Amino acid sequence: MNVNMFYRNGSKGLLFVAAIMLLQSCGFIKEKFGKGGKEETGVANGEVVATARKGYRQTTPAGMVMIPSGSFVMGQADEDLAATMVNMNKRVTISSFYMDDTEITNNEYRQFVTALLLDSISVLGEEEIMTKYYPDTTVWKKDFAYSNGDPMVEYYYMHPSFDTYPVVGVSWTAAKYFAEWRSNLYNDYRLKEGMFHSPNFRLPSEAEWEWAARGGRQGAKYPWGNPYTMNGKGCFLANFKPQRGNYDADGYPYTAPSNAYNPNEYGLYNMSGNVSEWTLDAYADNANTILWDMNPENDDPTEPRKVIKGGSWKDVAYYLQTGTRSYELESQRRAFIGFRCVMDNFDGRRGATGKRR
């Protein structure tokens with residue numbers, strides 16, 4: 001190599017290094033290939049200076065409404081006609097959360113079953129999926145002796161006429177698994193989009209369900225507030241058994257679409273009637289004496305009885321009351337029990353007087 005070539009190549013190298021240093025000093029390299037701008041490390045000059053991480057805001061999931069935090073007197077809102085003594089009044093406080101504005105529909109639940117058959121059959125097996133998570137359509141026949149439920153058995157879950165009707169024949173165990181699948185689906189998408197992990201979907205606790213059902217009305221007997229099941233025009237306000245043997249008097253002989261009738265003050269449909277709803281809580285006669293008064297929840301895994309709330313299309317008005325408690329075994333599937341999901345609200349927890357989204 002001659003001397004001229006050496007100096008020529010050396011000069012080019014020095015110019016390249018100088019250019020790189022100049023670009024770095026201007027922030028070009030950081031902006032194009034790094035994070036750019038002023039990076040918050042949390043510690044500077046020997047002091048903790050960390051502030052809130054930027055870019056996070058919990059958004060309302062599709063089909064849900066925000067339920068504000070608040071305090072209310074949980075329990076019976078009218079006379080305990082059956083003298084059960086299992087729902088004495090107790091003041092509790094509930095943190096803010098999101099809740100499905102309707103019960104989970106047939107069409108929504110079918111997305112879950114289809115996903116299991118496509119993606120999880122090698123793990124769970126077809127038999128487990130069909131026996132444990134697929135709705136038991138025969139409940140329309142088994143739950144009611146000497147009744148012609150054959151048309152409902154054949155058409156209710158799969159026919160498009162019932163797409164927006166609440167799914168039934170689903171156990172508490174299956175409802176919980178649906179919430180887990182929904183959480184994974186939601187957070188997998190958020191991860192791909194570079195967003196923060198969201199709180200998971202789950203079943204509501206009994207206290208959360210009752211707080212949401214009352215719609216911010218203290219002592220409300222029903223979600224619509226007044227103590228009657230009919231409005232001033234003589235129209236029934238929910239889908240239940242309003243008269244002896246006359247299931248059709250409220251407009252629907254069996255279930256109704258999940259968004260039928262008027263919503264309560266929080267924007268929730270059919271919190272009373274249509275189908276009873278699974279809650280997260282294990283059932284206990286003395287629940288009000290053993291549970292804490294801040295976000296109470298009875299999570300006893302050894303108790304197979306789970307609380308159901310709200311009453312259904314086949315129940316009399318007593319079971320529609322916000323404070324009435326009932327239960328079913330977690331493995332049982334019924335033609336009158338469905339569910340809806342909730343999600344914790346961690347972003348800007350507000351009281352009952354706070355602005356709703």
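User: Where does K309 sit, and what makes it buried or exposed?
Analyst: This is a predicted model, and in it K309 lies in strand β9, residues 305–309. Its relative accessible area is 1%. Buried means under 20%, so K309 counts as buried.

User: What does K309 touch in there?
Analyst: Leaving out residues up to four places away in sequence, K309 touches E206, W209, E210, S276, E277, T279, T322, G323, T324 and R325. With T322 there's also a link from the K309 side chain to the backbone oxygen, at 3.0 Å.

User: How do you know that D163 is buried, with a value of 18%?
Analyst: The cut-off is what settles it: buried means under 20%. D163 has a relative accessible area of 18%, so D163 is buried. You'll find D163 in the loop between α7 (150–155) and α8.

User: Which residues is D163 in contact with?
Analyst: Setting aside neighbours within four places in sequence, they are T105, N106, N107 and R110.

User: What makes the pair D163 and R110 a polar contact?
Analyst: Their side chains come to 2.4 Å, and a polar contact needs N or O atoms within 3.5 Å. The pair therefore fits on distance. R110 has another partner too: its charged end sits over the ring of Y157, 5.8 Å from the centre. The distance limit for that label is 6 Å.

User: Where else does a charged end sit over a ring?
Analyst: One case is R182, whose charged end sits over the ring of F201, 4.1 Å from its centre.

User: How do you know that the length of helix α3 agrees with its number of residues?
Analyst: Helix α3 covers residues 106–119, which is 14 residues. At 1.5 Å a residue it should span 20 Å, and the end C-alpha atoms are 20 Å apart, so the two agree.

User: Which residues of α3 are buried, and what covers them?
Analyst: The buried ones are N106, Y109, R110, F112, V113, A115 and L116. Their cover includes α4 (121–124), α5 (126–133) and α8 (172–192). A bit of background helps with reading such a list: an α-helix has 3.6 residues a turn, so residues three or four places apart point the same way.

User: How many aromatic pairs are there, and why is the pair of Y247 and W313 called tilted?
Analyst: A search of the whole structure finds 28 aromatic pairs. For Y247 and W313, the ring centres are 6.2 Å apart and the planes are at 55°. Centres within 6.5 Å make a pair, while stacked needs under 30 degrees and edge-to-face over 60. The angle of 55° fits neither, so the pair is tilted. This pair links distant parts of the chain, 66 residues apart: Y247 is in the loop between α9 (206–214) and β8 (276–282), and W313 is in the loop between β9 and β10 (326–329).

User: What makes Y247 partly exposed and W313 buried?
Analyst: Y247 has 29% relative accessibility, so it counts as partly exposed. W313 has 4%, so W313 counts as buried. Both belong to one aromatic cluster, along with W140, F144, Y156, F162, Y165 and Y254.

User: How many disulfides are there, and are C235 and C341 buried or partly exposed?
Analyst: The search of the whole structure finds zero disulfides. C235, at 41% relative accessible area, is partly exposed, whereas C341, at 0%, is buried.

User: What does the protein chain look like overall?
Analyst: Its secondary structure comes to 10 helices and 12 strands. Buried residues make up 44% of the 357 residues.

Methods: Residues numbered from 1 in each chain as written. Predicted model: local features only at pLDDT ≥ 70, side-chain atom pairs only at ≥ 80, totals over all residues. Heavy atoms only, no water. Helix = DSSP H or I, 4+ residues; strand = E, 2+ residues; numbered from the N terminus. Expected span 1.5 Å × (residues − 1). Buried < 20%, exposed > 50% of the residue type's maximum accessible area, 1.4 Å probe, protein only. Contact = heavy atoms within 4.5 Å. Polar contact = N/O pair within 3.5 Å; in protein donor to acceptor, adjacent residues only side chain to side chain. Phe/Tyr/Trp six-rings, centres within 6.5 Å; stacked < 30°, edge-to-face > 60°. Lys NZ or Arg CZ within 6 Å of the ring centre and 35° of its normal. Disulfide = S-S within 2.5 Å.
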